Amino acid sequence: MEVIPRVEQEDIRAGIEKLISDGIAEPGKVGITGTSYGGYSSWWALTHFPTELVAAAAPVCGMTDLVVDYESTRPDLRPYSEEMIGGSPSEIPQKYFERSPINFIADIEGGLLIVQGGRDPNVTPENVKVVRDALDKAGKAYEVLKFDDEGHGISKPKNQKVLYLELLAFFDRAFA
């Protein structure tokens, strides 16, 4: 059964719109962060939603190019990608293209902080290199917070302290 990632992303959009319409959040002052698939959702929001809805994103170990992710991640995770998207990149390249935030880098208008574990076996350093190259080529501003001693996620207390303080500072700058 194919799962369409965009459905979840539209749920996030609807939630943000509801928070704004209820006066809980301010347009242009909403940020998003998440780890792994939450990191993917952060990338998606930043590349697909207007800044009135998402003014800044801090994806943590989030996939950007699903083809690179498929090819460079642990082999045991590939069937999960195939189930989620409906096949492999060679079988359905258009779906991988449409669902890869890297292909919409030019649409980024908000702030971006990329958070990554240097030893991530799932969202590998190749993922980060490819997206940084695309951001540089598109002339998009971004920041990077890399933890060389972390894998898929930031789990060490000393690193979490740095992460949370930097997230706070990043979102403060983004909303200033």
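Which residues of H4 are buried? Select Ser81, Met84 and Ile85 to see them; buried means under 20% relative accessible area, exposed over 50% and partly exposed in between, with a 1.4 Å probe and protein chains only. H4 is one of the helices, which are DSSP runs of H or I with at least four residues, while strands are runs of E with at least two, numbered from the N terminus. The three lie on the same side of H4, because they cover an arc of only 80 degrees around the axis, taken from the directions from the helix axis to the C-beta atoms.

This is a predicted model, in which local features need pLDDT of at least 70 and side-chain atom pairs count only at pLDDT 80 or more, while totals for chains, interfaces and linings use all residues. Residues are numbered from 1 along each chain as its sequence is written, and side-chain values use heavy atoms, without hydrogens and water.

Next, select Trp43. Beyond its neighbours within four places in sequence, Trp43 is in contact (heavy atoms within 4.5 Å) with residues including Pro59, Met63 and Pro101.

Now go to Glu143 and Arg173. They form a salt bridge, with the closest N and O atoms 2.6 Å apart; the term means a side-chain nitrogen of Lys or Arg within 4 Å of a carboxyl oxygen of Asp or Glu. Glu143 is in strand E4 (residues 143-147) and Arg173 in helix H7 (residues 157-175), so the pair ties together parts 30 residues apart in sequence.

Finally, select Asp149 and Lys156, another salt bridge, whose closest N and O atoms are 3.7 Å apart.
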